[in-house]
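Biologist: Before I rely on the labels attached to this model, I should like to hear the criterion behind each of them. Please take them in turn.

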Amino acid sequence: MFQKSTIQKIAHVIVPLALKGTLSYKVEEEDLQHLAVGMRVEVPIGKRKITTGIIHSFQDQTSNKAYKSILQFLDEAPIVDEVHIRFWEWLSNYYVCEIGQVMHAALPAHLKIDSETVLSLSPFYQEDMPGLNTNEFLITEALLTQKSLSVKELQSILKLNSIAHIIKSLIQKRLIYVKAHALDKYKAKTETYIYWNEAYQGDSLAQEMAFELCSRSERQQKALLYFIEHADQEQKLPRRSISTLPGLDSSVVQALVKKEIWILKDLSISRLNNEAIYVEKAKELSAIQQQALTDIQKQFETQNTCLLHGVTGSGKTQLYIELLREKLSKSEQSLYLLPEIALTTQLVQRLQRVFGDQVYVYHSRLNNQERVELFRQARTGKGIFIGPRSAIFLPFTKLRLILIDESHDGSFKQQDPAPRYHGRDAALYLAHLVGAKTLLGTATPSIESYEHAINGKYGLVTLSERYGDIELPEIQLIDLKKAYQQNRVKHNFSRQMIQSIQDCLDRNKQVIVFQNRRGYAPRMQCTSCGHTQHCTKCDISLTYHKYKNQMICHYCGYAEHPLSQCPKGNQHKLQLQGYGTEKLEEDLQLLFPSARIDRMDLESARSKSAHKRIIKSMENQDIDILVGTQMISKGLDFDAIELVCVVNADPMIQFPDFRSAERAYQLLTQVAGRAGRKNKKGKVLIQTFSPDHPVLNDVIKADYISMFNRESAERKLFKYPPASRLIKIQLKHKKNEVLQRASKHLQQALLANLKSGVLGPSTPAISRINNYYIQEFLIKRNASNKQLQQEKTFLYETSHWLKSIKGMSALRVIIDIDVY
Ligand code: ADP
Ligand code: ZN
């Protein structure tokens, strides 16, 4: 007898949980041909749980260990490629977190339960199980006969609106499990289009006859005319574009269909680009811009990364457009990364006007279906994608260019949860993996990027002039100390600032007022004893929000009513201290009663529509003064802004952080850049108590290099990035005493292994957030990449070890690589 020798294979599977590494499963030989890296599978974990994972790799089984089997294959083709899994792996190693956490961040939220989630009975279910309540029983009964049902379907069977808690309890009892999601049940969206009926197609004479046939109805003639003028190349038009015209409705369309002039057809359309788009002709680059474009292209011949240092309004976006156009013409994909997607309305429209429906926008407000569609689009190898940092997880197949706009911006860094990655740095690694070029664009490069550029690690291209002979705005400082001494401050505004605003309003120009603090007032404080109204869960004072009449915690969202009396003494009075955007809006209305004032901050622009509305009103000049936080500092391009006012620069320059000077320079330059972008030179006024501060003087002179040289020298002296790598470890626990013990343990471990460069434990400025006490360590590293990776592995193991110490399982250990 001939014995067939088969080598058993095992599959390593990534599951979307904070588990160490991957899990391994046995693969039957006959199944091997159906499986590939990047496919989703359903696997058992632990004793009775089931989850969806992605195949990471295959391996020959060498030991006798008994592995569990994969329960089900969910895909016929990989949903991500091997290269994407290598990318996830790099992220988990570099940022010291689990690959499951990276996968969780990378994939659309189809693993979460919502109404599209499909459920099935798990193998652990047995008929006549005891301990089920009526609703739970009904759900299992329904699943027994139907095999799988969506949450929506179950809702209608049970005639209940909210069944989430029942489903949760059944999942916890391991009786049902999430089988699949919209990703599998994907349905195309359709739109009804109007076409000419056959007799009229492409026959202008017949079409004229149609007008004759409708001579008695002005409305029908109007609809026909609109159709002729607006139908696309295929001679079709969406029905809704007629039925929403003033004076027309769907009855007109019906009438023309009845006359057999038109026919209707349903076409499946993309969910992604259904806003009306007209394509604009390309703008011609100026000679300087053309030179910069050529330089970038030349740099890309030898460099993978290039820094474009261009002053605000120099036409960086115009250059991006040309680079995107080039990739599009070669049928290659581009990714355009931006710090905060809420700020892109103007930019998206600008790109859509050039590239029409080739532009795909990825943002946090996409629903699951849209997210899935964008995922699929990325797999087609076509398109220009705009998005925030998380867009680097789209599974591109032909990505050749990454543009990082406002590349200095701190919000590219993910803070919570893990992976705590820097979108810029991760994008650079992704580009390296897939062979794409990266352009970092900004008016105010980060110290790190500029250092790389002058060291030759990146190419460097500079645009030092605004487009169209517009000069950079004139920036002036206003000394608040003097102004107060001379009694020249009213409602937080100096007389000079008030006069300049009035002057602008008189000439029908727009003003931006910047204050990087939202809410009405940051403190409610006792005038006698200094007691402030504090958050009950955090070590921070509550911010007063007038429109809600509430004191709100900006860290945990806790809210309570403002106190009228100090709890410490019954005669003491409480008073609001300081000011935020909400208060300034009120102050400005008092100073300029007839001005139209609006506000743009996290509250006022929470929804996309509110944000769009404010931008539209700014464009139409329905707003005279716009008050805002840093939301107004980026990307906005309005023609009529002549004056930008910074109410107080001091919090920015005095913030206790090694990056505060760099940040203040960036923020002030960006805000200033909103002034005088077209037509006339703009003006910027900055109020401060420290008019001699060197950073402010660099801002006035628009002298980036001076700021860079000073900061760079200081960082070298004190060994801060880029002269070192900075790692922060935070320990959090609800019991301070446990926390203190844990930080002793960690301190010993760190000192024993890393020897030098360990600072801490220290108590951060806000020592408690959301009931968790916090201790911090800062670690400065100057090691080679290889040694650094070993140290990171040590930190990773140490964090697991800490939590395994008796009584410390609830300890939270947060490792933040390249702190921002
Ligand atoms: P940046 O991105 O550097 O801030 P933009 O690309 O937004 O600069 O350009 C600033 C303004 O100048 C925009 O309103 C833009 O439309 C205009 N602009 C820039 N370059 C050109 C050009 N070559 N032709 C016409 N307008 C231009
Ligand atoms: Zn709080």
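Modeller: With four donor atoms at angles of 106 to 112° to one another, the site of the zinc ion (ligand 2) is tetrahedral. This is a predicted model, in which local features need pLDDT of at least 70 and side-chain atom pairs count only at pLDDT 80 or more, while totals for chains, interfaces and linings use all residues. Residues are numbered from 1 along each chain as its sequence is written, chains are lettered from A and ligands numbered from 1 in the order in which they are written, and side-chain values use heavy atoms, with hydrogens and water left out.

Biologist: Why is the site of the zinc ion (ligand 2) called tetrahedral?

Modeller: Four donors count as tetrahedral if all angles lie between 85 and 135 degrees. The angles here are 106 to 112°, so the site of the zinc ion (ligand 2) qualifies.

Biologist: What makes Cys535, Cys538, Cys553 and Cys556 donors of the zinc ion (ligand 2)?

Modeller: Donors are N, O and S atoms within 2.8 Å of the metal (3.2 Å for Na, K and Ca); water is not among the atoms, so sites may look incomplete. The SG atoms of these four cysteines lie 2.3 to 2.4 Å from the zinc ion, and they therefore count as donors. Along the chain, their spacing is C-x2-C-x14-C-x2-C.

Biologist: Is cysteine 553 buried or exposed, and why is cysteine 556 classed as partly exposed?

Modeller: Buried means under 20% relative accessible area, exposed over 50%, and partly exposed in between (1.4 Å probe, protein chains only). Cysteine 553 has a value of 2% and is therefore buried. Cysteine 556, at 21%, is partly exposed because that value falls between the two limits.

Biologist: How do you know that threonine 317 makes a polar contact with ligand 1?

Modeller: A polar contact is a pair of N or O atoms within 3.5 Å; within protein, one must be able to donate a hydrogen and the other to accept it, and residues adjacent in sequence count only if both atoms are side-chain atoms. A polar side-chain atom of threonine 317 is 2.6 Å from an oxygen atom of ligand 1, so the pair qualifies. A backbone N or O atom of glycine 315 lies 3.0 Å from an oxygen atom of ligand 1.

Biologist: Why is asparagine 492 called buried?

Modeller: Asparagine 492 has a relative accessible area of 16%, and is therefore buried. Although asparagine 492 is not a glycine, its phi is positive, at about 70°.

Technical notes. Tetrahedral: all angles 85-135°; square planar, octahedral: opposite > 155°, others 65-115°.
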